[in-house]
Amino acid sequence: MALISSLSSSLTGMKVAQAQLEIISNNIANVDTPGYTRKTAAQSALVSSGQTMGVTIGNTGRVVDESLLKNFLASNSTTSSLSTQYNYMSRLDNIMGTTEQGNSLAANVGNLQSAFETFSTTVSSPASRYQLLTNAQALTSKLNYLSENVQTLRGDADMQVKDDVAKANSLLESINELNTEIVKYTVMKRDGVANLQDQRDSALRELSSIMDITYYTRDTGAVVVQTPSGVLLLDNEVHELSHSALAKVSAANSYDSGNVQGIFVDGKDITKKISGGSMGGAIEIRDNTLTSLQSQLDEMSKVLINEINAVHNQGTAYPNMPYQMTGTSTFIADKNGNYTQNISIDSGDVRFIIFDENGNQVESGALKGTMGFSEGSLDEMTKAIETWMKQSVNLSDAVVKINDNGKLEISTGDSRYTLSIVDEATSNAGSGQQDAVLSFDVNGDGNYDQTVQGFASFFGLNDFFVTDKNDFIYDSKVLSDKVAVGVTTTLSFSDNVNGFNYGSVEISKSMTIQDVANLINQNENLNTHIKASLIANGDGYMLRIESMEGAQLELSENIENGIIKKLEIAPSSCGDASAIKVRENITMNANLIACGSPDFDVTKGKFTINAATNNIANKLAQVFTNSQVFNQAGDMAKTTTTIANYSSTFVGNVASLTATSQSSFEYQNALTEAISYKEAQVSGIDLDEELSQMIIFQQSYAACAQVFTASREILDILLGLV
């Protein structure tokens with residue numbers, strides 16, 4: 001009986017040693033295989049009826065530290081996110097150009113400032129005019145170029161989110177299939193679970209590079225995958241992610257406004273619950289970093305447009321004075337096609353001066369004093385000006401009207417007779433140039449909603465910069481979404497598609513801006529035309545109201561100091577950087593750049609104009625030397641500074657963000673590599689250790705073989721004796 005036991009023990013010993021050698025051989029063969037972990041198998045005594053019959057080996061297992069794996073997944077997600085952000089910021093930094101090469105935004109602003117300063121002292125020089133035009137076009141082209149590329153990068157990030165969603169879904173399917181196999185192998189007690197677990201861990205690692213995840217393992221061996229916030233991605237079945245990318249992204253498209261689609265799981269938007277992985281990095285770039293930089297470009301463009309145009313509208317180009325002018329401001333007609341909104345001259349007056357082809361005054365008349373118009377509808381105002389031109393100046397073909405595009409159009413009807421518009425302090429000719437103060441009723445209800453300065457500026461008759469875009473988006477100042485608006489009012493909506501006052505909302509002073517947005521979006525008369533949303537901006541939010549039809553939008557209230565004034569709701573600068581350009585007729589003829597305004601000759605009682613007059617050119621140059629107010633734009637707080645300083649700060653921001661993203665990525669990558677190294681020490685293959693184990697089991701096999709041979713020989717001898 002002892003010999004039988006000896007044979008059994010030696011035979012099982014050889015089999016176990018052989019199995020251990022096979023495991024060791026696989027470990028050595030897979031030393032460079034990604035995701036492969038060291039395999040081992042436990043040995044135990046083989047007992048039958050209380051009698052030891054040898055040795056047995058269990059199923060192959062892995063040497064894995066689960067806590068290290070989870071730490072790696074978290075660190076890997078952060079590394080991938082930072083890598084993605086650094087990639088996009090590097091691309092933007094390359095696009096920005098450098099001051100040394102003279103092709104940065106700051107360099108373009110500096111060149112235009114120098115051109116305006118030169119022009120102010122040499123207004124009679126054609127060369128200085130064309131240099132000014134060239135530099136103005138270079139700056140607008142740079143703003144267009146940067147804006148276009150920022151939006152291209154946002155579009156690329158949005159497409160990456162779409163691709164990452166598809167990859168994540170595919171990996172979740174793979175993990176689910178591996179779960180099924182692992183559970184089946186475990187129940188059937190089949191070997192091979194360890195290799196399946198390796199494959200599943202590899203999929204989890206790859207998934208963590210796409211999005212931040214956590215997981216836990218059920219008793220069955222299956223893993224449950226979810227986001228750190230608890231959104232289930234895999235639990236017996238895959239909860240697929242979905243995202244629809246935009247074909248083309250613009251500055252007006254944002255996640256906050258709903259124009260950029262979110263990432264959905266089971267019908268719920270989880271976009272803001274994803275912060276890690278390449279998907280989280282792309283979301284951060286698309287919705288925060290690049291939108292912040294875009295808003296800074298737009299804010300700079302808005303200030304440039306408003307300040308230069310306000311001055312340029314005060315001036316006149318000579319000797320190339322225009323005989324016709326078309327404004328850039330868009331007005332709304334009533335259902336009969338009439339412009340019944342009232343306009344009032346509150347202080348000062350607006351003087352129209354007609355010159356002949358030699359620059360001599362033919363006639364001048366004040367809108368309020370001469371033409372008898374101080375208050376009335378837009379149609380009545382245009383009629384008063386046209387009547388004066390036809391009767392007092394004898395320009396029978398003169399036309400003054402709001403054209404089919406809703407813009408003020410003034411023409412003498414004769415190219416020999418040119419026009420200059422000057423605001424003065426009083427109705428008396430020569431009383432001194434000073435912007436007239438006007439009140440305007442935007443929705444034709446008889447109540448004045450706006451107070452503006454400068455007649456030509458209000459109508460945009462002599463703008464230098466234009467954008468050719470409607471005011472279809474309005475933004476408030478930056479506010480907390482928790483603070484009450486503090487005013488009770490009725491807010492009404494009008495536009496050039498749906499007409500006047502097609503909807504309104506009743507706002508109470510206890511409402512927050514989120515409440516106001518909800519009120520607008522829930523209004524049946526408005527929600528097919530108007531959309532309201534809260535747009536993250538720096539440390540707060542802007543209330544954004546936009547026409548879903550892209551129509552010229554006007555907001556009005558039933559009280560004077562309502563929510564519009566309190567929240568500083570005004571046409572948005574969104575998209576100004578992509579649309580800004582020099583007015584077309586100026587690009588065709590640099591002599592249309594205004595340099596001065598008419599002087600009043602007291603002795604003659606007439607206005608004169610001189611090609612060397614540079615009072616307006618001086619003011620244009622001062623726009624760059626004076627500090628301007630820039631509202632909060634993204635992470636750049638509200639500030640008062642020069643346009644040059646603002647542009648330099650913007651360029652510096654891009655460089656700083658790029659450097660920060662690089663250093664953050666490099667630090668996090670080193671941390672991830674350190675965790676990976678620690679994992680390798682635990683789970684990796686050590687060739688020296690494996691070879692030493694191989695020697696041990698080879699010797700064990702040899703010893704068992706010798707015992708088996710000796711026992712068999714003894715048994716053969718005994719059988720022979722019998």
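Which residues of H3 are buried? In this predicted model, the buried residues of H3 are Leu105, Ala106, Ala107, Asn108, Val109, Leu112, Gln113, Ala115, Phe116, Phe119 and Ser120. Helix H3 itself runs over residues 105–121, and its 17 residues reach 25 Å from the first C-alpha to the last, which is close to the 24 Å expected at 1.5 Å a residue.

A second helix, H4, spans residues 126–187 and holds Asp164. Asp164 is buried yet has no salt bridge, because a salt bridge requires a side-chain nitrogen of Lys or Arg within 4 Å of a carboxyl oxygen, whereas the nearest side chain of opposite charge, that of Lys167, is 4.4 Å away. The side chain of Asp164 does, however, form a polar contact with that of Ser278, at 2.8 Å. When neighbours within four places in sequence are left aside, Asp164 is in contact with Ile210, Ser278 and Met279.

The two side-chain distances given for Asp164 are set out below.

| Partner of Asp164 | Relation | Distance |
|---|---|---|
| Lys167 | nearest side chain of opposite charge | 4.4 Å |
| Ser278 | polar contact between side chains | 2.8 Å |

Met279 also appears in the largest nonpolar core, which has 89 residues and in which Val225, Leu241, Met279 and Phe465 touch the most other members. H4 supplies the largest share of this core, with 15 residues. Apart from this core lies another, of 36 residues, among them Ala384, Leu395, Ile402 and Ala456.

Beyond four places in sequence, the residues that Val225 touches include Leu172, Leu204, Leu207, Ile213, Thr214 and Tyr215, and Val231, Leu232, Leu233 and Leu234 are likewise among them.

Technical notes. Residues are numbered from 1 along each chain as its sequence is written. This is a predicted model: local features need pLDDT of at least 70, side-chain atom pairs count only at pLDDT 80 or more; totals for chains, interfaces and linings use all residues. Side-chain values use heavy atoms; hydrogens and water are left out. Helices (H or I, at least four residues) and strands (E, at least two) are DSSP runs, numbered from the N terminus. The expected span of a helix is 1.5 Å times one less than its number of residues. Buried means under 20% relative accessible area, exposed over 50%, partly exposed in between (1.4 Å probe, protein chains only). Lys and Arg count as positive and Asp and Glu as negative; His and the chain ends are not counted. A polar contact is a pair of N or O atoms within 3.5 Å; within protein, one must be able to donate a hydrogen and the other to accept it, and residues adjacent in sequence count only if both atoms are side-chain atoms. Contact means heavy atoms within 4.5 Å. A nonpolar core is a set of buried Ala, Val, Leu, Ile, Met, Phe, Trp, Tyr and Cys residues joined through side-chain atoms within 4.5 Å.
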